[in-house]
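Student: I should like to examine this model by asking what justifies each term applied to it. May we begin with the structure itself?

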Amino acid sequence: MAVCLDQITKYYGDKAVLQNFSLTFPERGIVCLYGASGCGKTTLLHILAGLDHAYTGSISGMEGMRCSMQFQEDRLLNWRNLEENIRLVNPDVDLDGLLQTVELDGLQKVMPQALSGGMRRRAALARALGAESDILLLDEPFKGLDFALCERLYPRIYARTEGKLTILVTHDASAAALLGDLIYQLDGPPLYVTRKIPAPLPFLQRLALPEYREERRHWLEETEA
Amino acid sequence: MKRFITKNKWISALLALLFWAALWQIIYLAVDQDVLIASPADVLGRIGDLLPAAEFWRTVSLSFIRIFGGFFAAAAMGAILAAGTAFLPSLRMIIAPALSVVKATPVASFILLALVWLRSSQLSLFISFLMVLPVFWSNLEAGILATDRELLEMANVFRVPARKRVQEIYLPSILPYFVTACRSGIGMAWKAGIAAEVLGRPAHSIGKEIYNAKIYLETVDLFAWTLIVIILSMILEKLFLFLLGKIRMQHTGK
């Protein structure tokens, strides 16, 4: 069942972040919420994750769904090592494989404080990917990561999220251009959809055609409101 | 370098001790009345007499068990109340004023009241419990409320089981508050407990020894027992904080 947001309104004080906002997500695939920071994307993600109940409107299709999330902040337990942090959300996870995915292999026993900002970001991503879930919510997962590393991460993340719905909040046009099976270009606040852009090619073809990605990236960036 | 500092610390502690012992001796000589002030030498001699006696150790351990029974009961009860009031505002409305009253009431009033209700052997346990309970409650509640909301949200999204939430998120953030509560509570329990023993005079108690020394004008005994109380309090505090430090290392890695 598709996840539907219907007439969601959310205020911070007297400022409307979402006003009668409606959106439909497909059952599976990566949906990119692409737009400038501060337009209300994170608020939307928090509502979807069930962390924010102070809104009006309704959400359907989430009943019984298990969410997993990478927050805008790393939210790691500083008193637990990397392995313990990840096993907290899924004790049976294949840790070695997961850490290879985000290129943190061999760092199981390292404490979060000993990791660089980019490593912590990937640790939080690994935790989100490792949890058992039906819907994956990723809030700027590539923030602070260098381009070459991101290029290696994209296909692995796509492979790991196949078969479920992934909602990826980003203002990185090249990540959106490659990963997004569907891109919602957003602006606000209050949040509104400027464009709905379905990808014309499946992921592997998008990956194999650098010109396509380049063209899309330019297009997304130029048309950014 | 560390060794040097440690050595230095011991030397300064010893010098401070010698200074106060010398001052004591000077006051003793100036006053020159054994009933008012005992000499350091006599007091140390009396402690030397007491230490090998089995009765001394029995007295000390029974006082210890009673007072620390109260202390640990207060820690447990304080934790339960803190968990309750942190999450249930209505419970807080009932509990908070009661504990504020307990905090503000002079310990002597409680001791005299409790003497009417309880047997003298239970008195010091009850009094140390009552004195330390508000300390544990307020500190532990503050610890619970200061727990990182972002981490709790994270645990919510990932449906981390309640037991793990307590163990992995709440406990590590409460632990420093627990250490603070112990640090201020331990001396408080010990002093209030001994005061309760002085007034209740249960058999085999430090308080009874202090009371008898006062009644029979045995100033040397009075000084000796008081010094013993002080030394025991210092040893216990150091030992307890050392153990807590170990637990903290295990739970928070710092």
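**Domains, sheet and backbone of chain A**

Tutor: The centres of domain 1 and domain 2 of chain A, taken over C-alpha atoms, are separated by 23 Å. The model is a predicted one. Domain 1 covers 3–65 + 135–222, and domain 2 covers 76–133.

Student: What makes up the contact between domain 1 and domain 2 of chain A?

Tutor: Domain 1 of chain A contributes 12 residues and domain 2 of chain A contributes 10 residues. On the side of domain 1 that touches domain 2, strand E6 (135–139) and helix H5 (147–161) of chain A are the elements that give two or more residues. H5(A) gives the most to that side, with 4 residues. By class, the side of domain 1 that touches domain 2 has 7 nonpolar, 1 polar and 4 charged residues.

Student: How do you know whether the radius of gyration of chain A agrees with that of a compact globule?

Tutor: For 225 residues a compact globule would have a radius of gyration near 17 Å; chain A has 17 Å, and therefore the two agree. The C-alpha trace of chain A spans about 45 × 45 × 30 Å along its principal axes.

Student: Why is A:Arg75 called buried or exposed?

Tutor: The cut-off for a buried residue is 20 or more other C-beta atoms within 10 Å. A:Arg75 has 20 other C-beta atoms within 10 Å, so A:Arg75 is buried. A:Arg75 is placed in the loop between E5 and H2 of chain A, and its phi is near 50°, a positive value in a residue other than glycine.

Student: What makes A:Glu103 buried, exposed or partly exposed?

Tutor: A residue is exposed with 12 or fewer such neighbours, buried with 20 or more, and partly exposed in between. A:Glu103 has 17 other C-beta atoms within 10 Å, and therefore A:Glu103 is partly exposed. A:Glu103 lies in the loop between helix H3 (95–101) and helix H4 (117–130) of chain A; the phi of A:Glu103 is near 60°, a positive value in a residue other than glycine.

Student: Why is a positive phi remarked upon in such residues?

Tutor: Most residues other than glycine have a negative phi, and most peptide bonds are trans. On the latter point, a cis peptide bond joins A:Gly188 and A:Pro189, with omega about -5°. Another cis peptide bond joins A:Pro189 and A:Pro190, with omega about -10°. A:Pro189 is in the loop between E8 and E9 of chain A, and A:Pro190 is found in the loop between E8 and E9 of chain A.

Student: Which strands of chain A are the edge strands of the open sheet, and what makes them so?

Tutor: The open sheet has 6 strands in the order E5-E6-E7-E3-E8-E9 (chain A), with mixed pairing. Strand E5 (67–70) and strand E9 (192–198) of chain A each pair on one side only, and these are the edge strands.

Student: How do you know in which sense strand E3 and strand E8 of chain A pair?

Tutor: Two bridges at least are required for strands to pair. Strand E3 (residues 29–34) and strand E8 (residues 182–187) of chain A have 4 bridges, in the parallel sense. A:Tyr34 stands opposite A:Gln185 in E8(A).

Key: Residues are numbered from 1 along each chain as its sequence is written. Chains are lettered from A and ligands numbered from 1 in the order in which they are written. This is a predicted model: local features need pLDDT of at least 70, side-chain atom pairs count only at pLDDT 80 or more; totals for chains, interfaces and linings use all residues. The radius of gyration is taken over C-alpha atoms; the globule rule is 2.2 Å times the number of residues to the power 0.38. Domain bounds come from an automatic or database domain assignment. Two residues are in contact if their C-beta atoms, placed from the backbone, lie within 7 Å. Ala, Val, Leu, Ile, Met, Phe, Trp, Tyr, Cys and Pro count as nonpolar, Asp, Glu, Lys and Arg as charged, and the others, Gly among them, as polar.
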